[in-house]
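User: I should like to learn how to read the packing, pairing and backbone features of a protein model. Please begin with the terms that a description of helix packing requires.

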Amino acid sequence: MADALFVVLRKVALSLGEGALEKIGTEVVEAASVLTDFEHGMKQIEGELLILQAFIVQVGAHRIGDKTFDAWLDQVRDVSHEVEDIIDEYAYLTVQADTDSFFKRKFHQIKNFAAWQKFPVQISQVEARIQRLTEMKNRYGISVGEIDSSNKSDHPNQLRLSDSAYLTDNSEIVGNVQQIRKLTQWILEEKQDRTLIAIFGMGGLGKTTIASSTYKNQQIRRAFGCHAWITVSRTYQVEELLREIINQLIDQRASMASGFMTMNHMRLVEAIQSYLQDKKYFIVLDDVWDKDVWLFLNYAFVRNKCGSRVLITTRRKDVSSLAVGNYIIELKTLKYAESWELFCKKAFHALKDSICPEHLRSWAEKIVAKCQGLPLAIVTIGSILSYRELEEQEWSYFYKQLSWQLANNPELNWISNVLNLSLNDLPSYLRSCFLYCSLYPEDYKIRRKLISKLWIAEGLVEERGDGTTMEEVAEYYLTELTQRSLLQVTERNACGRARTFLMHDLVREVTSITAKKEKFGIAYGEAGITPVTNGTRRLSIQKDAQSLNSLASSRLRSFILFDTEVPSSWIYDVLSRFRLLRVLCLRFANIEEVPGVVTELYNLRYLDFSHTKVKQIPASFRKLMNLQVLDLKFSYVEELPLEITMLTNLRHLHVYGVHDLQERSLDCFSATNIPGNICRLNNLQTLQSVSANKELVSQLGNLTLLRSLAIMKVRQSYIVELWNSLTKMPNLSRLFIFACDVDEILELKMLKPLPNLKLFWLAGKLEAGVLPSIFSKFEKLTWLNMQGSGLKKDPIISFSHMVNLFELRLYGAYGGEHLTFRVGWFPKLNSLHLVDMKHLNWIEIEDRTMVGLHHLELVGLGNLKAVPKGIKYIRSLHQIFLTDMSEGFIKSLQGSDSDIVQHIPNIHIFDSSDSQAVNNFHFVPYIAKKFGPGATKHAPNIL
């Protein structure tokens, strides 16, 4: 609950060190007396804040249900926000006065003297509030000590929830038939070793219900000599857990008579070992939250070669990994048909055959869809509705108010309590990051690279200083959130790394409620969300932006706009009220120029104008000295000002437009001119895309942290110097090189390989139409696009050693007639594009080649008249896109060769001259793939 405060306090500790105080003392000489008080006050309050920081780490989010403590902590949070405002206001004024001109600096200091004078007063007020908080703590007996691990009040209903799941009748279980069958088989198999089995999945999926069904199965009970069902939970005590095991294995009166109630945990373990020594036992450990519990239970549950089984249920993947030998069952959400069956069983159990009345069907379907296959939500909501009137008006009202109901209806506490358990179990460094994810709209895919940049800009990611970048730390955070079943991976890239994530809608709803309550952030435009208050730190506007009556929140740090229907005038006006912003995201916004106030947002770390009609970046961007990310992709910007090279904190610079959505031409992307010397941009990790010149290719060698580079308009005379610069980038993994025109010949002979390259797009004619020898060294490549290469020999054999290749694109790369794919080649290839090779008339595909191919595109192959017969061998093929293919080919496909493709469920044929078809098959899928199906409503076609 208090982890946002922890982030602030860490920021305070870093920002108010000796260096900052000394800088204040030297910067504003005229305010010497003010600064003396300011420095003294800062040193005093810093000590208080360090104590508060330790307090936040200590109590975390474990005091759920203590209303007095919650109210007090709200006051602490308000004080922390006041302190953060002081720090950011100081940073704002410092950057404003930061100029090389002595007279300009003095002018700004005098101009803002009144603002500097406020600091000592504000510090005194903060000190007074901290003092009052201490007095309140003592007056009301608020304890801030170590949390008692025996405290069972995580939630008053926690035991009742566990008991309810345990007592569920088998007839009420819907879905997971295969999982239950597999679980039963594992438990009963004739394996004499003790076997640990795990059921893993997010809260509310029915792990306890399925484990209970198995535990109560009479066939299983008869197969074992003794049994125990133990609910572990987050707040277990070792001795209590061991005594509960003994009580269930042995008669409770006997255990009391034997003195087990007074034994320490070592003696208890020995007692369990002794009892189980020669027994075949079946023990269920329900709701396990960490691996530590197994450290001592592993010794208690003896390996006696009697065929014993231990079953654990958990939300955490690392806990499930205790079950060696792949004895893991990962539960997923129910399919829609299963969800509907379960809902009807609960909501209409009083009706004949539990059939939904026709007049309620549309609302019932919307409610079921909202549950997104989560059994807990389906059962709880269905049960509540079962005793409501079967009137359309009442059901429609319930659906429209579902977000409010989750926050305020005690009958739905079961849902929020179960889902909040995972949130409250998060360590401080993860909790704020996860709350940030709730700012995204429903069904919006969370992209790894994007959310990582936002977290870093907000100061939520720690810098570890061991050579690991903050982006890598953020990726670790995402992995941990996934392993805790809070985020679902929806797509992986060619290297197998998670590319996009999705938050279950009900998890998002519950997390949004917490984010709002803690003043962390608000997703505006959702049902049940109240107007934005002055205390809001982050604001995501998803729709109805113009309905906001008041947006005067000077405390706002993130402003993310999803509503694309608001006029630019509204955007320009509202931004003038948020001068302390760190994150500004106007992706897809209806703007054609940069709002003038943006260059006065000196604290900005993240700025996104992608997918807008912005054409020009003003020279005044030099003021944004803290900027880490500037995203201008899919905008109309084709030249950056000289002053952009002054932004030495830039980590990611994306600036390019798209001229050809189908990417069939050499100038499909715009080339951006960056005048001046880029050597000072030595923190850059991403630079896309830049127009080459002789000076720039040499200067690139100073950007040794680059991991992704797109460079356009490359001439042969630049190649040696360019490659020399590239070899100085040890972490370079993504490289795009485009020649200046179709006639420019690129000679890549005798160049050193780039050992860590994983993605390579080379657009340009190669000397003598021969593939350079460096390609034999690109063994790590997972993605390759050769465009306009003019190759004379079949290049497929030259790529066949690239066993990790996930996607291969040949766009006008080959001038010959035949391509051959041999047996065993490209075992990991998922996507193949063969485009604009006008002489190609035969494609040979042997059996057992490209065994994992999922997607095939054939485009502009006018001389190919027959469907490649080997396609019939590729049983994994899911879709084929055919663009601008000859009439003969299409007739063959739909006639004599139709049997070759009969196993492929999706075959799309269209003409590239049809702009609507291009939009539907390229732009819309591109947006949906990057951001999720729900994103298309936020992404009008601006191209």
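Analyst: Contact means heavy atoms within 4.5 Å. Helices (H or I, at least four residues) and strands (E, at least two) are DSSP runs, numbered from the N terminus. Buried means under 20% relative accessible area, exposed over 50%, and partly exposed in between, with a 1.4 Å probe and protein chains only. The model is predicted: local features need pLDDT of at least 70 and side-chain atom pairs count only at pLDDT 80 or more, while totals for chains, interfaces and linings use all residues. Residues are numbered from 1 along each chain as its sequence is written, and side-chain values use heavy atoms, with hydrogens and water left out.

User: Against which helices do the buried residues of α18 pack?

Analyst: They pack against α16 (336–347), α17 (361–371), α19 (392–400), α20 (402–408), α21 (413–424) and α25 (505–517). Nine of the 12 residues of α18 are buried, so this helix is largely enclosed by the rest of the structure. Among the buried ones are P375, L376, I378, I381 and L385.

User: How does the span of α18 compare with the expected span?

Analyst: The expected span of a helix is 1.5 Å times one less than its number of residues. For the 12 residues of α18 (residues 375–386) that gives 16 Å, and the end C-alpha atoms are 16 Å apart, which agrees.

User: How should a nonpolar core be read, and which residues have the most contacts inside the largest one?

Analyst: In soluble globular proteins, nonpolar side chains tend to be buried together. A nonpolar core is a set of buried Ala, Val, Leu, Ile, Met, Phe, Trp, Tyr and Cys residues joined through side-chain atoms within 4.5 Å. The largest has 126 residues, and L285, F301, F343 and W455 have the most contacts inside it. A second, separate core of 120 residues includes L681, L746, L829 and L832. Leaving aside residues up to four places away in sequence, F343 touches residues including I378, I381, G382 and L385, which are among the buried residues of α18.

User: How many disulfides are there?

Analyst: A disulfide is a covalent bond between the sulfur atoms of two cysteines. The criterion is a pair of cysteine sulfur atoms within 2.5 Å, and the count comes to zero. C226 is in no disulfide, the nearest cysteine sulfur, that of C306, being 9.8 Å away. C226 is buried, at a relative accessible area of 6%. The sulfur of C433 lies 7.6 Å from the closest cysteine sulfur, in C437, and this is too far for a bond. C433 is also buried, at 0%.

User: Which strands pair with β11?

Analyst: Two strands pair if DSSP finds at least two bridges between them. Strand β10 (residues 538–541) pairs with β11 in the parallel sense over four bridges, and I541 stands opposite L561. Three bridges join β11 to the parallel strand β12 (residues 583–585), where L584 stands opposite F559. From β11 the chain crosses through helix α26 (residues 568–575) to β12, and this β-α-β crossover is right-handed. That term applies if, with the strands pointing away from the viewer, the path from the first strand over the helix to the second runs clockwise.

User: Where is D353 found, and is D353 buried or exposed?

Analyst: D353 is in the loop between α16 and α17. D353 has a positive phi of about 60 degrees although it is not a glycine, and it is exposed, with a relative accessible area of 61%.
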